[in-house]
Amino acid sequence: PQFQIDYIRVQSVMAVPMRFRNKVMGVLVVVNRVDERSFIQNDQNLLQALADQASVSIYYARFSAALDEKRRLDYDLGIAHRIQQALLPKEIPVVSGAEFAAFTLPAQEIGGDYYDFVQIDDTHVGIAIADVSGKGVAGALVMALCRSALRIKAQGCLSPSAVLRSMHKILSADLSEDMFITMLYMILDTANLELRVARAGHLSPIVNPGAGQAMPWLVDSSGIAIGIADADAFAAALEERTVMLAPGDTVVIYTDGV
């Protein structure tokens with residue numbers, strides 16, 4: 001660079017690389033010897049020695065800062081993990097005529113998979129499973145919203161498709177353009193083993209008949225994920241199916257993490 005002011009005018013320049021383990025971290029540059037002479041080889045050797053020492057200090061300073069940041073993130077993620085686990089059911093419902101079991105293992109510290117049980121009345125139990133697109137903190141936050149919406153809308157409602165339509169109205173406005181939720185919601189009548197199923201783009205339940213019966217089969221129904229389409233298109237695509245179960249039948253629901 002050229003400057004007109006004498007005390008910042010560049011007469012001579014010397015630059016050396018700042019290296020650590022053969023990786024260039026930057027460049028150390030000096031201009032204008034105080035005696036106004038040109039730089040010589042000894043000057044370059046001295047500057048390179050200074051640059052090598054500075055590179056070691058800078059590398060370990062960056063490493064220490066990155067380590068501190070990782071510790072902070074790990075701490076925050078640990079808290080988020082505990083909060084997310086607290087949002088999942090603490091106890092599996094115990095009802096007459098049916099037995100429930102559930103399991104989840106996040107791919108990362110926190111994730112977007114969610115399941116829940118809702119005791120609607122003495123003979124009806126709501127069973128939900130959902131998968132939020134993406135993982136990490138964003139997926140966990142949307143999962144918390146999904147749980148709140150389900151707990152509100154499932155009470156007193158015996159139609160799973162109606163619950164999903166209500167949840168779409170609540171959640172779709174808060175989802176960013178690159179996020180969506182697939183969800184399966186079922187309501188089991190434990191008195192007569194009637195199972196009502198609605199799918200918002202989620203994977204179909206598998207029914208495994210009791211011993212000596214037919215092969216396992218899918219409860220297939222139409223539906224699109226929450227957050228992809230507007231309310232009218234979502235409602236038009238949603239289909240509710242009713243399945244009559246028999247003693248010994250097993251119903252399996254899952255996310256694509258399987």
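Start by selecting Leu175: this residue is buried, with a relative accessible area of 12%. (Buried means under 20% relative accessible area, exposed over 50%, and partly exposed in between, using a 1.4 Å probe and protein chains only.) You'll find Leu175 in the loop between helix 3 (160-171) and strand 5. Helices (H or I, at least four residues) and strands (E, at least two) are DSSP runs, numbered from the N terminus. Now show what surrounds Leu175: setting aside neighbours within four places in sequence, it is in contact with Val142, Phe180, Ile181, Ile226 and Gly227. Contact here means heavy atoms within 4.5 Å. For a sense of scale, Leu175 and Ile152 are 23 residues apart in sequence and 19 Å apart in space, C-alpha to C-alpha.

A quick word on what you're looking at: this is a predicted model, where local features need pLDDT of at least 70, side-chain atom pairs count only at pLDDT 80 or more, and totals for chains, interfaces and linings use all residues. Residues are numbered from 1 along each chain as its sequence is written, and side-chain values use heavy atoms, with hydrogens and water left out.

**Next stop: strand 4**

Select residues 124-132, which make up strand 4. How many of the residues of strand 4 are buried? Nine of its nine are, so to speak, under cover. Color the two faces separately: His124, Gly126, Ala128, Ala130 and Val132 sit on one side, with Val125, Ile127, Ile129 and Asp131 on the other, and all are buried. In a regular strand, side chains alternate between the two faces of the sheet. Now add the partners of strand 4. Strand 3 (113-119) pairs with strand 4 in the antiparallel sense over seven bridges, and a hairpin of four residues joins the two. (Two strands pair if DSSP finds at least two bridges between them.) To see one matched position, pick Asp116, which stands opposite Ala128 in strand 4. Then bring in strand 5: nine bridges join strand 4 to strand 5, and these two run antiparallel. Here His124 stands opposite Asp189 in strand 5.

**The largest pocket**

Switch on a surface view and look for the largest pocket, which holds about 1100 Å³ of space. Of the 48 residues that line this pocket, the closest to its centre are Ala101, Ala102, Ile129, Ile253 and Tyr254. Helix 1 (41-87), strand 3, strand 4, strand 5 (181-189) and strand 10 (250-252) are the elements that give two or more residues to the lining. Try coloring the lining by class: there are 29 nonpolar, 12 polar and seven charged residues.

Some rules behind those values: on a 1 Å grid over the protein atoms alone, a pocket is an open set of points where a 1.4 Å probe fits, with protein on both sides within 12 Å along at least five of seven lines, and lining residues have an atom within 4 Å of a point. Grid points are joined across faces, edges and corners, and the volume is the space filled by probe spheres set on the points. For the classes, Ala, Val, Leu, Ile, Met, Phe, Trp, Tyr, Cys and Pro count as nonpolar, Asp, Glu, Lys and Arg as charged, and the others, Gly among them, as polar.

**A three-stranded sheet**

Strand 10 also takes you to an open sheet of three strands, in the order 8-7-10 with antiparallel pairing. Strand 8 and strand 10 stand at the edges with a single partner strand each, so one side of each has no neighbour in the sheet. Zoom in on strand 7 (residues 206-208), which pairs with strand 10 over three bridges in the antiparallel sense. Val207 stands opposite Val251 there.

**The loop after strand 8**

Follow the chain from strand 8 (217-218) into the loop that leads to helix 4 (231-237), and select Gly223. Is Ser221, in this loop as well, buried or exposed? Ser221 is buried, with a relative accessible area of 4%, while Gly223 is partly exposed at 24%. Not counting residues up to four places away in sequence, Ser221 touches Arg199, Glu239 and Arg241. With neighbours within four places left aside, Gly223 is in contact with Arg199, Ala200, Gly201, Ala237 and Leu238.

**Two positive phi angles**

Go to Glu36, in the loop between strand 2 (23-31) and helix 1. Glu36 is not a glycine, yet its phi is positive, at about 65°. This residue is exposed, with 75% relative accessibility. Then jump to Leu193, in the loop between strand 5 and strand 6 (194-200). Leu193 has a positive phi as well, near 60°, but this residue is buried, at 17% relative accessible area.

**Last stop: the cysteines**

How many disulfides does the structure hold? It holds zero, a disulfide being a pair of cysteine sulfur atoms within 2.5 Å. Select Cys146 and Cys157 to see why: the sulfur of Cys146 is 15 Å from the closest cysteine sulfur, in Cys157, too far for a bond. Cys146 is also buried, with a relative accessible area of 1%.
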